[in-house]
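Reader: I would like a close look at the enclosed and open spaces of this model, set against the chains that form them. Please take the chains as a frame and then go through the linings with care.

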Amino acid sequence: MHAVSDVWVYLSASPLLWLTLTLAAYVAAHSLYVRLRASPLANPVAIAVAILVALLMATHTSYQTFFDGAQFVHFLLGPAVVALAIPLRENIAAVRRALLPMAAALFAGALTAIVSAVAVAWALGADPVTIKSLIPKSVTAPIAMGIAQEIGGVPSLTAALVILTGIIGAMIGSPLLDLMGIKQAAARGFALGTAAHGMGTARSFQESQIAGTFAGIAMGFNGFLTAILVPLLLSVT
Amino acid sequence: MIAAFVALLGCQLIGEVLVHLAGLPFPGPVLGMLLLFVFLTFRPEIPRPLRVASYTLLDHLSLLFVPAGTGIMLHFGRIRTEWLPIIAALLVSTILTIMVTAAVFRLLSPGDEKSET
């Protein structure tokens, strides 16, 4: 028993344990996702997060201790965004043909995301700080956190809301687009990337490379547009 | 493979430096993506290792959101007291955004491209 607690003390001070468990939770979640035939409802991020939160709470481990290990995975988000240049380059012909629908859809989508989130939260009596943290929820996390900071929201709450939005978008996106009869891969990906940033993009890459490419473009430009729109809208109201 | 990572991280690094120097409102990696894209347009084809490394990362993009997503545990208190406005706002807004974006995109797409590309 003594030896076990010694090992626990050693492991809980090293990044190895939580890095391994982060990867293991994802492998478990992903194999469940595959077993359920890639059903969008079996979202791998939601399942992996649920496993990890349960583990952290059961072992009374702080998020900071967890993140000391998980940061190595988190870090790869940067190069992964850069890597979106490859599908963009490979599908540039299709992208060029869709410049007009992309520009119009992006503008409409970015405005809808901001206005509808504020309207619903305000109507249901959310705290002003919560509303401000909600505003950039469709945008990729680093940009969203910057926007939240600037307008008086809580950046780390925004990060959590961004991920929740991503999970919702990845879960309902494909069935919703099926219901609307949207078959065009470019339109499907672009809608998911605009509404649900990187997680919508991850889901789109599961549908097709074209969908993923358009989702990646939408994610990048929606971040850019929302960063400009939000301060503008707030100065008007 | 290592050269591919140097290319990806190098573009991110240049992107971060430029964003900080110029005070741009978006993150370094997004600018890094545009830089890599511009570099690639000058090449006849994409180097194979770079292609493999990039698609390996993109195929597992979901994994990379797990650490930040677990941070939701820090906000259980606020989410518990305001769960209704938060969940309703996220659900309604995400559904509307997907519908509006897809509808506008379809409306303005050239007619013969409506089917699978």
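Reader: To begin with the frame, what pattern does chain A follow when it is read along the sequence?

Author: This is a predicted model, and in it chain A, read along the sequence, follows the pattern α-α-α-α-α-α-α-α-α-α-α-α-α, with 13 helices and zero strands. The mean pLDDT of chain A is 92, and 99% of its residues reach 70 or more. Among the elements of chain A, helix H8 (residues 99-123) has the highest mean pLDDT, at 96, whereas helix H1 (residues 2-12) has the lowest, at 80. As a general caution, predicted coordinates should not be read in detail where pLDDT is low.

The overall form of chain A can be described from its C-alpha trace, which spans about 65 × 40 × 30 Å along its principal axes. For 237 residues a compact globule would have a radius of gyration near 18 Å, and the 19 Å of chain A agrees with this. Buried residues make up 56% of the 237 residues in the chain.

Chain B also has zero strands, and its secondary structure comes to six helices, in the order α-α-α-α-α-α along the sequence. Its C-alpha trace spans about 55 × 45 × 30 Å along the principal axes. A compact globule of 117 residues would have a radius of gyration near 13 Å, but chain B has 20 Å. Of the 117 residues in chain B, 47% are buried.

With that frame in place, the enclosed spaces come next. A search of the whole structure finds two cavities of 30 Å³ or more, and the largest cavity has a volume of about 110 Å³. This cavity is lined by 13 residues, and those closest to its centre are A:Tyr33, A:Pro44, A:Arg203, A:Gln206 and B:Ser62. The elements that give two or more residues to this lining are helix H2 (15-35), helix H3 (44-58) and helix H12 (185-207) of chain A, and H12 of chain A gives the most, with four residues. By class, the lining of the largest cavity divides into seven nonpolar, four polar and two charged residues. Domain 1 (2-75) and domain 2 (83-235) of chain A both give residues to the lining, so the largest cavity lies between them.

The open spaces can be treated in the same order. The largest pocket has a volume of about 570 Å³, and its lining holds 32 residues, of which A:His74, A:Leu77, A:Ala141, A:Pro142 and B:Ala68 lie nearest its centre. In chain A, the elements that each supply at least two residues of this lining are helix H4 (63-75), helix H5 (77-83), helix H10 (141-151), helix H11 (155-180) and helix H13 (209-236), and in chain B they are helix H1 (2-22) and helix H2 (28-41). The lining of the largest pocket has 22 nonpolar, nine polar and one charged residues. Domain 1 (2-75) and domain 2 (83-235) of chain A each provide at least three residues of the pocket lining.

Some single residues of chain A help to fill in the picture around these elements. Helix H13, one of the helices that supply the pocket lining, contains A:Leu234, which is partly exposed at a relative accessible area of 35%. A:Leu234 is 35 residues from A:Met199 in sequence and 27 Å from it in space, C-alpha to C-alpha. In helix H1 of chain A, A:Leu11 counts as partly exposed at 22% relative accessibility, and the C-alpha atoms of A:Leu11 and A:Arg37 are 36 Å apart although the two residues are 26 apart in sequence.

Two loop residues deserve a careful check of the backbone. Most residues other than glycine have a negative phi. A:Ala38, in the loop between H2 and H3 of chain A, is not a glycine and yet has a positive phi of about 55°; it is partly exposed, with a relative accessible area of 31%. A:His60, in the loop between H3 and H4 of chain A, likewise has a positive phi, of about 50°, without being a glycine, and at 74% relative accessibility A:His60 counts as exposed.

Note on methods
Residues numbered from 1 in each chain as written. Chains lettered and ligands numbered in written order. Predicted model: local features only at pLDDT ≥ 70, side-chain atom pairs only at ≥ 80, totals over all residues. Heavy atoms only, no water. pLDDT = per-residue confidence, 0-100. 1 Å grid on protein atoms, 1.4 Å probe; cavity = no way out; pocket = protein on both sides within 12 Å on 5 of 7 lines; lining within 4 Å. Points joined across faces, edges and corners; volume = space filled by probe spheres on them. Nonpolar A, V, L, I, M, F, W, Y, C, P; charged D, E, K, R; others polar. Domains from an automatic or database assignment. Rg over C-alpha atoms; globule rule 2.2 N^0.38 Å. Buried < 20%, exposed > 50% of the residue type's maximum accessible area, 1.4 Å probe, protein only.
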